[in-house]
Amino acid sequence: MEQNGKLKKRLSLSDLIFIGFGAIFGSGWLFASSTVASDAGPAGWISWLIGGIAVILLGLVYAELGGAIPRAGGIVRYPVYSHGPLLGYLMGFATLIAYSSLCSIEVEAARQYAASWWPALSSSGGQSPSLLGWILQVALLFVFFLLNYWSVGTFAKVNTVMTILKFVVPSLTIIVLLIHLKSGNFTVHGFAPFGVSGIETAISTGGVMFAYLGLQPIVSVASEAKRPQRTVPLALILSVILSAVVYILLQVSFIGAIPTAKLAGGWTGISQAFSLPFRDLAVMLGIGWLAILIVLDAIVSPSGSANIFMNSTSRIVFGWAKNGTLFKLFGRIDKRTGIPRPALWLSFVFSIFWTLPFPSWGTLIGVVSDALVLTYALAPISAYAFRRNAPQLARPFYLKGMHVIGPIAFIIASLIVYWTGWTVDSWLLGSQLVMFVIYVIAYKWVPKRQVSFMQQLKASWWLVFYYAAIIIVSKLGDFGGIAWIPRVWDQVVIAVIAVITYYWGGRTGLPKAMLDEDEMDEEGSDT
């Protein structure tokens, strides 16, 4: 029987750090550097710095949430605890989109690099997979499904080994490329040839935020961590800082090592000239052994992240089911292994779905980044609401300055969503509004035992305002819109919308947080 099982506390601090760094450090480093260079030129490292600051601010918020309320699938459960089932339902849908597609995008990245050795894995004249390449991607997803199906311990051990391996090659790449650094590359065509807008675009659609967003796996497995009140906050913060340092060094070394003659035509074509950035650069510099190591790591690194996201997606599905707005079947846990196996099956099916109809890494990046940032963005509002409706909650990590850090983090996250552009925003945020309408229509069947339907609506109107306002400004603004609102002013408007939403959302949380019991097995929690 599966429904009587408990999640087991088996993950140590080192396991959590490896999960966080392993999730953050996936396919992003393999592709983003050339895209960021095309968008922002030599100023691309500033995009990484800003992105790192944004994620650290959000990480601090998550550190308080993860330490105070360690729950499996916490990302989709915090909004329920703070604002009721309706908000959890909307976040469950958005998070499922983000995480199930992440599994796919990581195996897609591994396949693209593998195609440099085995061209039959890619379609002729492009980066999209051939039928053979797609079969390989599905086979990889099945392997990660099996690793997660057996036990949490198996998952953690495999992840630790893969993370160590994929840390060595980027570090070696940085050292070798810095030896070939040409300082003149940082002033060719100007330090910031595309201005501030280029730096902003690189953050949202250049792959910067996609590369950074790996905090949620730590929160998702918080119920399975030993001493989570201490280990979860530490793992969150250390993972982001370590990743930020590595990403900035990678960007600087990539820009500095490009043969200066290749920059004669400007920075725009760099992403095409270096479609597999570090491998192509190593080949161009005649460092064949490094190119081989990079391709090997390019298969291991994204695969390790896909393994993590397969695990995390199942916890997201499990958390959504525990919220009461997804079928109860997916809230069952296998008694022997402590694995939410029905949720894992659904995660596997969705991850395969995102590989159809054979997209490339670049095709998926915009939607995935926007969905991920959206799921992160609501954490500061939930944390603010908990300060009001759960003041008695034990907070081993108490974020000082929440009244400043919270709104700043939400403003930055909102700007990143906006920078993604009209095409993605209108689809993703529009689908959220449609899901809201569906929930209202189905009010007879939605959970109302703990929170009345009217209270759920009252606690969610701010989110409807937020989605609608972002969509309107995206249409009228200069990021894929009609540019009716001049650049800079459009971002001022987004910041104002974010401030209004933050305080409206934080102050209209439930009168009392609806916390539930953790579904954990205390065995092994003291070691």
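These legends go with four close-up views of a predicted model.

**View 1. N389 and its surroundings in helix 17.** Here we're looking at N389, which sits in helix 17, residues 379–389. Its relative accessibility is just 5%, so N389 counts as buried. The N389 side chain reaches over to the backbone oxygen of L510, at 3.0 Å. Setting aside neighbours within four places in sequence, N389 is also in contact with G509, P511, K512 and A513, among others, and S82 is on that list too.

**View 2. W29 in the largest nonpolar core.** This core has 165 residues, and W29, Y247 and F254 are the ones touching the most other members. Helix 5 (residues 85–114) chips in the largest share, 16 residues. Beyond neighbours within four places in sequence, the contacts of W29 include V169, P170, Y247, L250, F278 and I294. D297 and S301 are in contact with W29 as well.

**View 3. Helix 19, end to end.** With 20 residues at 1.5 Å a residue, helix 19 (residues 422–441) should span 28 Å, and its end C-alpha atoms are indeed 28 Å apart. Buried residues in helix 19 include V424, L428, L429, M435, F436 and Y439, and also D425, S431 and Q432.

**View 4. G206 in a loop between two helices.** G206 lies in the loop that links helix 8 (195–204) and helix 9 (208–212). Its relative accessible area is 2%, so G206 is buried. Leaving out neighbours within four places in sequence, G206 is in contact with A32, T35, V36, D39 and T201. As for A40, it is 166 residues from G206 in sequence, yet the two C-alpha atoms are 9.1 Å apart in space.

Terms used:
Residues are numbered from 1 along each chain as its sequence is written. This is a predicted model: local features need pLDDT of at least 70, side-chain atom pairs count only at pLDDT 80 or more; totals for chains, interfaces and linings use all residues. Side-chain values use heavy atoms; hydrogens and water are left out. Helices (H or I, at least four residues) and strands (E, at least two) are DSSP runs, numbered from the N terminus. Buried means under 20% relative accessible area, exposed over 50%, partly exposed in between (1.4 Å probe, protein chains only). A polar contact is a pair of N or O atoms within 3.5 Å; within protein, one must be able to donate a hydrogen and the other to accept it, and residues adjacent in sequence count only if both atoms are side-chain atoms. Contact means heavy atoms within 4.5 Å. A nonpolar core is a set of buried Ala, Val, Leu, Ile, Met, Phe, Trp, Tyr and Cys residues joined through side-chain atoms within 4.5 Å. The expected span of a helix is 1.5 Å times one less than its number of residues.
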